[in-house]
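Student: I am new to this structure and would like a close look at one part of chain D, the place where two helices pack together. Could you take me through that part carefully, and then show me what else belongs to the same chain?

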There are 4 protein chains.
Amino acid sequence: MNDAGRVADSGNPFRLAGSDGNPGRSIIDVHGVLFGGPEAAIIGGPCGVESKDQVFAVARYIAEAGTRLFRAGAFKPRTSPYSFQGLGSEGLALLDAVRREFDLGIVTEATDMESFSDVERTADLVQIGARNMQNFPLLRRAGHSEKPILLKRGQGATLEEWLLAAEYILSEGNPRVILCERGVRTWSNHARNTFDVSVIPAAKALSHLPIIADPSHATGRRDLVIPCALAGVAAGADGLLVETHCQPSSALSDGAQALLPNEFLILVNHARKIKNDLQSISANLGLCF
Amino acid sequence: MNDAGRVADSGNPFRLAGSDGNPGRSIIDVHGVLFGGPEAAIIGGPCGVESKDQVFAVARYIAEAGTRLFRAGAFKPRTSPYSFQGLGSEGLALLDAVRREFDLGIVTEATDMESFSDVERTADLVQIGARNMQNFPLLRRAGHSEKPILLKRGQGATLEEWLLAAEYILSEGNPRVILCERGVRTWSNHARNTFDVSVIPAAKALSHLPIIADPSHATGRRDLVIPCALAGVAAGADGLLVETHCQPSSALSDGAQALLPNEFLILVNHARKIKNDLQSISANLGLCF
Amino acid sequence: MNDAGRVADSGNPFRLAGSDGNPGRSIIDVHGVLFGGPEAAIIGGPCGVESKDQVFAVARYIAEAGTRLFRAGAFKPRTSPYSFQGLGSEGLALLDAVRREFDLGIVTEATDMESFSDVERTADLVQIGARNMQNFPLLRRAGHSEKPILLKRGQGATLEEWLLAAEYILSEGNPRVILCERGVRTWSNHARNTFDVSVIPAAKALSHLPIIADPSHATGRRDLVIPCALAGVAAGADGLLVETHCQPSSALSDGAQALLPNEFLILVNHARKIKNDLQSISANLGLCF
Amino acid sequence: MNDAGRVADSGNPFRLAGSDGNPGRSIIDVHGVLFGGPEAAIIGGPCGVESKDQVFAVARYIAEAGTRLFRAGAFKPRTSPYSFQGLGSEGLALLDAVRREFDLGIVTEATDMESFSDVERTADLVQIGARNMQNFPLLRRAGHSEKPILLKRGQGATLEEWLLAAEYILSEGNPRVILCERGVRTWSNHARNTFDVSVIPAAKALSHLPIIADPSHATGRRDLVIPCALAGVAAGADGLLVETHCQPSSALSDGAQALLPNEFLILVNHARKIKNDLQSISANLGLCF
């Protein structure tokens, strides 16, 4: 018997996240972008907030690509205490400026209870990161938020544990949870993580919640991002979270996993096309693409 | 230092499988179907050869779907010595009959040195299964074959080990090797294996060999097969190996991972569409879809 | 390049946890029991605090076995929001009663910032659980505690990530951190987790911190607990955290991974013997057993 | 449902390897050394056969340590076709010379059908390597051998698959199979493989076959070999397969995982002591140490 296989509770463990008794799929509106609908919802943006010049430069081409959601971290959870932990509230102010200037919705991470309210004020969609997927007090706090929550899968979490983490948020009264697959840790070593693409249709079989893919963290290699992004959409993902280059002007010299502006534009267009084409097959097969 | 990460040799370990010095991508013709070209190459068929009625029934709808390659196992490697090991040479005779009756190319597995020559005579494409990916004498034997080889990835094999297994075949003089991703073993437990979709573009970055995906073994769940098949093609796979139902007449009662005839037809059409659409993006980005 | 292999920072990432410049090994005194010294430090106790009768019954035989540290959870992090979350402060009160009655030191888990101070008041050793290994605010809080900290390894965490988690605590000023290996999640399925025994000497090669093993969570099977406990000590563990049966009177009918009283006693005696015998080999080889 | 968890057949899948109906444990005599008895059976020797000087130098200190079984590979399965594949029959001749000169029993690997008979003639114990654990024709051939077989666990194989591989050998009529745990492939990256120590008692719970540990391949780091070897014995292993240094005279400059002569001697003595001490606990608990 493997720990990974155990269902936490007998009966349906997913009272609110589960498909049973929840007819239809949830559609969640973030700044006018619908997650769970017939179109691919795209979020783009740099690794983290670094400066006004940086976020404005990226925000400009995100907006020009016709996407409406901008992501960047002001608070960064870091493996080492000696690494840069983000600009904090100064970063949030820059994100507010991005919204005003470009009319982009803001997606940014809440890393702890202390800063949750500040993040929540700025964000249109509050991210709970992979490391915090089982930070239960933080999940409960997210359950009291007025904002929708983007819940990343833990790098070692099963689908069941992930949906039960969503259940923590839902059971506190916030019905707006979007799942995000970002790769899991395995021995397969050609990429930073293993993009577990089959969890997308598997999640849809169990849950009505929208689910998107983050091919940037799932692979850690720029040359794998577009293929995996399209794979995610082809497997039924409702959208994408894509890391775009922080400093397009110096793009050739750094940014191991971030897309260049022209790559981002091509990706967005092609992902939308694949998503649209899937609507017909979806109707024929009773699958949820 | 992790075993998985070690390159076997210094210098380029992939003398023949590698992209270096091998301009362009290999295109391999199997019974008139091109692997590595602009169209998706599809192989369909049941788990194993069971009877004339069974293989003819499946072959008929494979052919009617417009696909030209039929796969079924006459020799079956089994985890337990007490499990059915396949019809053997009787099975090969039935596959010969399928070719004559339906003009389908035959894809079937060679499990050992003893039966290799018989399998080779019947097959248009000889499969080396996942368990034999590091059976080096068998790989060398495949290297002396006049037939192309379908080399499945071992369930615990890294990309490097897989390409070095291909190198065993290539270095004996057979240049026609097609790779096949069929899922790897991880702790992620919503499906039988983890479909490692990012290995498809990663293999193309290192090697000129065609690569296809087997979403049936990669997932073991019928409801995940089509989403993962499309994901594989969207990630750049040159084709698909899909398990179709052995007894379409009793389809509802068994066949945990096999597609029904109508599902197979929809899959084939949609996979071809995605593959075609990728040609434009491929040209724009310099990626190999 | 695999994510798991990256060192977070260049230079020595383990400024305080690392062996460099920290001559000798740390010895940490918890209620008179030394972790990191020549004797095996043993902690026993039930899954969670359930009632006075239960904790007193277990505490009695823990004390009679000659061990001096009692562990039980008052706050229980649970995968599902609908599972029992522990007795909370009522449980802490029962643990205080155990200390008074049996003179046992108390080991219990702090699951969030809110209850940390209460837990800290009762505990002689505050446990940070596997799910919270990268809950960085909680680690920083532990770094301000006057009590020593037992830091469990995350089920998907590398040795480096684990030591960097310890570094969060150390860098806030609390030098007393004890590591605890409790099994990691892999595909190997004969036990609930995979007891990664080689991490014990590997941790000692990098760090001066004491390290113990938790064979109960590492296996989830009572029949594997004693063999793995002894394996941990033979590999150099400084001690053990062992789950003992909550209701010895009904032991045959439940408790998948908990030891019976007589098994616990035999384990304690044998672990001590192995530990003592290792001192001679240690001196001969320059290894840290 | 996870592939790893499926039992191949309903009923008892381990007809001959299983404990059911096989009262007591198997004891297998190899050159006078008993595997499965109360003493630890030790096999030592270098990576591969390189020269007469090399094997004689190592054999001398193996014999002087009081151990009676010598292992070295004449045929080496290699990941790359371009790597050195062993001395072959010339290497077997050198192993014959070692037996004559030092009265050591020989343990060496059979990698294919072709060389099996030659290997069998020289070996007192024929090794089937990890890559060949599911090479079923080779297993059947081993089942017709008059010599006992050392069956290494595949690096991605579950306990069930391993025991079913043993079943292939047993069902052909050879009752003398010794299992060998040599580490499995996981994401945990402080060592080359993950030494899955709990599989030792888990195998003993299902099967009467002797089981030994190979801490050298399980870790790939010399400083982890002794701790893991002792851990294996403490967990109940019936013996050890240990890689010792090929050229003791140049020992400081190479040999990432091989023990030096004095380390080997200390290991042997301490492993025997732990094994002996376990006999008492074994009697008290009904466990098979």
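Tutor: A crossing of two helices is called left-handed if the near helix is turned anticlockwise from the far one by less than a right angle, and right-handed if it is turned clockwise. Please keep in mind that this is a predicted model. With that in hand, consider helix H2 (residues 89-102) of chain D and helix H3 (residues 113-122) of chain D, whose axes come within 9 Å and cross at roughly 10°. Because angles under 35 degrees count as roughly parallel, H2(D) is roughly parallel to H3(D). The crossing in which H2(D) passes H3(D) is left-handed. On the side of H2(D), the contact is made by D:Ser89, D:Leu92, D:Leu95 and D:Asp96, while H3(D) contributes D:Asp118, D:Val119 and D:Thr122. Sorted by character, the residues of this contact comprise three nonpolar, two polar and two charged.

Turning to the strands of the chain, S3-S4-S5-S6-S7-S8-S9-S10 of chain D form a closed barrel of eight strands with parallel pairing, and neighbouring strands of this sheet are turned by 25° against each other on average, direction ignored. One pairing in chain D is that of strand S3 (residues 41-45) with strand S4 (residues 69-71), which run parallel and are joined by two bridges; here D:Ile43 stands opposite D:Leu69 in S4(D). Elsewhere in chain D, helix H6 (residues 199-206) lies across strand S8 (177-181) and strand S9 (211-213), running at about 175° to S9(D).

Note on methods: Residues numbered from 1 in each chain as written. Chains lettered and ligands numbered in written order. Predicted model: local features only at pLDDT ≥ 70, side-chain atom pairs only at ≥ 80, totals over all residues. Pairing = 2+ DSSP bridges. Helix = DSSP H or I, 4+ residues; strand = E, 2+ residues; numbered from the N terminus. Axes fitted to C-alpha atoms, helices over the stretch in contact; angles between N-to-C directions. Contact = placed C-beta atoms within 7 Å. Parallel < 35°, antiparallel > 145°, perpendicular 65-115°, else oblique. Nonpolar A, V, L, I, M, F, W, Y, C, P; charged D, E, K, R; others polar.
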